[in-house]
Amino acid sequence: MKIRIDKERCVGNARCWAIAPDLYPLDDEGYIAIEGFDVPDGQEELAKRGARACPERVIEIVED
Ligand code: SF4
């Protein structure tokens, strides 16, 4: 499973980070710092919860 993030559309409310700070790091200004990642084994549910927490819907879950 992968996560893709439309970084340009992030509004910086940190909802993803509040759920999973290790998966969704923020930059110094509080915006998402990355454009995506391969979800580590066992962290699929956490990654999905973080994605669903984004009110802007900029985090996309890509199933294998
Ligand atoms: S929840 Fe969405 S809008 Fe908020 S910081 Fe994370 S990616 Fe950005």
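In this predicted model, the ligand is surrounded by 14 residues, and the closest of them are Cys10, Arg15, Cys16, Ile32 and Cys54. The character of this shell is readily described: 10 of its residues are nonpolar, two are polar and two are charged.

Stepping back to the fold, the chain holds two helices and three strands, and from the N terminus these elements follow the order β-α-β-α-β. The radius of gyration is 10 Å, close to the 11 Å that the globule rule gives for 64 residues, so the chain is as compact as a globular protein of that length. Taken along the principal axes, the C-alpha atoms fill a box of roughly 30 × 20 × 15 Å. Buried positions account for 20% of the 64 residues. Contacts that span long stretches of sequence are well represented: among those between residues at least 6 apart, 68% join residues at least 24 apart.

Strand 1 is a good place to begin with the strands, as it has pairing partners in both of the others. With strand 2 (residues 36-38), strand 1 pairs in the antiparallel sense over three bridges, and here arginine 4 stands opposite glycine 36. With strand 3 (residues 59-62), strand 1 also runs antiparallel, this time joined by four bridges; in this pairing isoleucine 3 is set opposite isoleucine 61. In a regular strand the side chains alternate between the two faces of the sheet. Strand 1 (residues 2-5) shows such an alternation, with Ile3 and Ile5 pointing to one face, where they are buried. Lys2 and Arg4 point to the other face and are not buried.

Helix 2 (44-52) also contributes buried residues, namely Ala47, Gly50 and Ala51. Viewed down the helix axis, these buried residues fall within an arc of 100°, so they line one face of helix 2. Their cover includes strand 1, helix 1 and strand 3.

The loops hold some details worth a closer look. Most residues other than glycine have a negative phi. Alanine 14, however, has a positive phi near 65°. This alanine lies in the loop between strand 1 and helix 1 (15-19). Alanine 14 counts as partly exposed because it has 17 C-beta neighbours inside 10 Å, and a residue is buried only at 20 or more. Arginine 57 likewise has a positive phi, of about 55°, although it is not a glycine. Its place is in the loop between helix 2 and strand 3. With 10 C-beta neighbours inside 10 Å, arginine 57 counts as exposed, since the limit for that class is 12 or fewer.

The loop between helix 1 and strand 2 holds tyrosine 31. This tyrosine has 14 C-beta neighbours inside 10 Å and therefore counts as partly exposed. Leaving aside residues up to four places away in sequence, tyrosine 31 touches Cys10, Gly12 and Leu26. For tyrosine 31 and cysteine 10, the separation is 21 residues in sequence and 6.4 Å in space, C-alpha to C-alpha. Cys10 thus returns to the ligand, as it is one of the closest residues around that molecule.

Conventions:
Residues are numbered from 1 along each chain as its sequence is written. This is a predicted model: local features need pLDDT of at least 70, side-chain atom pairs count only at pLDDT 80 or more; totals for chains, interfaces and linings use all residues. A residue is near a molecule or strand if its C-beta atom, placed from the backbone, lies within 6 Å of it. Ala, Val, Leu, Ile, Met, Phe, Trp, Tyr, Cys and Pro count as nonpolar, Asp, Glu, Lys and Arg as charged, and the others, Gly among them, as polar. Two strands pair if DSSP finds at least two bridges between them. The radius of gyration is taken over C-alpha atoms; the globule rule is 2.2 Å times the number of residues to the power 0.38. Two residues are in contact if their C-beta atoms, placed from the backbone, lie within 7 Å. The arc is that of the directions from the helix axis to the C-beta atoms.
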